[in-house]
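Visitor: I have a model open on my screen and would like to know how its labels are earned. Could you walk me through the reasoning?

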Amino acid sequence: MSLTKAERTIIMSMWGKISPQADAIGTETLERLFASYPQTKTYFPHFDLHPGSAHLRSHGSKVVAAVGDAVKNIDNISGALSKLSELHAYILRVDPVNFKLLSHCLLVTMASHFPVDFTADAHAAWDKFLSVVSSVLTEKYR
């Protein structure tokens, strides 16, 4: 699945607004993930999962940074996220469905932070982009 030029433009444009708020968006995305899909907490037994905790802020920042790497390397997402895919498949052994759950929570968080910018076209572009990211992150599982 490849992104159109229009979708790439939307992704890059919105990323310019997301990146300055990356820490808050990442934290809120994880809080939403753990509240909506509590089974995902099993991968974080050593984390303080209370809203706003240092662990959530730190990991949320890493999650959004990885999305940023994908945006910056939109023509080679697979190469940009290869090591992250290996880590999650071989070491952390994360169930691949969790990438889709996380993507959904990120979409909802983006919509709440940027209601004017998060148009139907933006939603569709980001949904497609995050589907590509999720697929790339599960490459090592295949």
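Visitor: Why does E28 count as partly exposed?

Guide: Happy to start there, and do keep in mind that this is a predicted model. E28 has a relative accessibility of 24%. Buried would need a value under 20% and exposed a value over 50%, so E28 at 24% falls in between and is called partly exposed.

Visitor: What makes E28 and R32 a salt bridge?

Guide: Their closest N and O atoms are 2.6 Å apart. The cut-off is within 4 Å, so the pair qualifies. Both residues sit in helix α2 (residues 22–36), four residues apart, which is about one turn of the helix. R32 also has 24% relative accessibility and counts as partly exposed.

Visitor: How many salt bridges does the structure hold?

Guide: Four. Another of them joins the side chains of D75 and R8, with N to O at 2.1 Å. D75 lies in the loop between α3 (54–72) and α4 (77–91), while R8 belongs to helix α1 (residues 5–18), so this pair ties together parts that are 67 residues apart in sequence.

Visitor: Why is D75 called exposed, and R8 partly exposed?

Guide: D75 has 66% relative accessibility, and the label exposed asks for over 50%, so D75 earns it. R8 has 24%, which lies between the two cut-offs of 20% and 50%, so R8 is partly exposed.

Visitor: How do you know that K17 and D117 meet in a salt bridge?

Guide: The N to O distance is 2.8 Å, and that is within 4 Å, so the side chains of K17 and D117 meet the rule. K17 lies in helix α1 and D117 in the loop between α5 (97–113) and α6 (120–137), so the pair ties together parts that are 100 residues apart in sequence.

Visitor: Turning to the rings, how many aromatic pairs are there?

Guide: The count comes to three. One of them is F34 with F44, whose ring centres are 5.3 Å apart and whose planes stand at 65°. Centres within 6.5 Å make a pair and planes over 60 degrees apart make it edge-to-face, so that is the name here.

Visitor: Why is the pair of F44 and F47 called tilted?

Guide: The centres are 5.0 Å apart and the planes at 50°. Stacked needs under 30 degrees and edge-to-face over 60, so 50° leaves tilted. Ring pairs link F34, F44 and F47 into a cluster.

Visitor: What makes F44 buried?

Guide: F44 has 15% relative accessibility, and buried means under 20%, so the label fits. F34 is buried too.

Definitions and conventions: Residues numbered from 1 in each chain as written. Predicted model: local features only at pLDDT ≥ 70, side-chain atom pairs only at ≥ 80, totals over all residues. Heavy atoms only, no water. Helix = DSSP H or I, 4+ residues; strand = E, 2+ residues; numbered from the N terminus. Buried < 20%, exposed > 50% of the residue type's maximum accessible area, 1.4 Å probe, protein only. Phe/Tyr/Trp six-rings, centres within 6.5 Å; stacked < 30°, edge-to-face > 60°.
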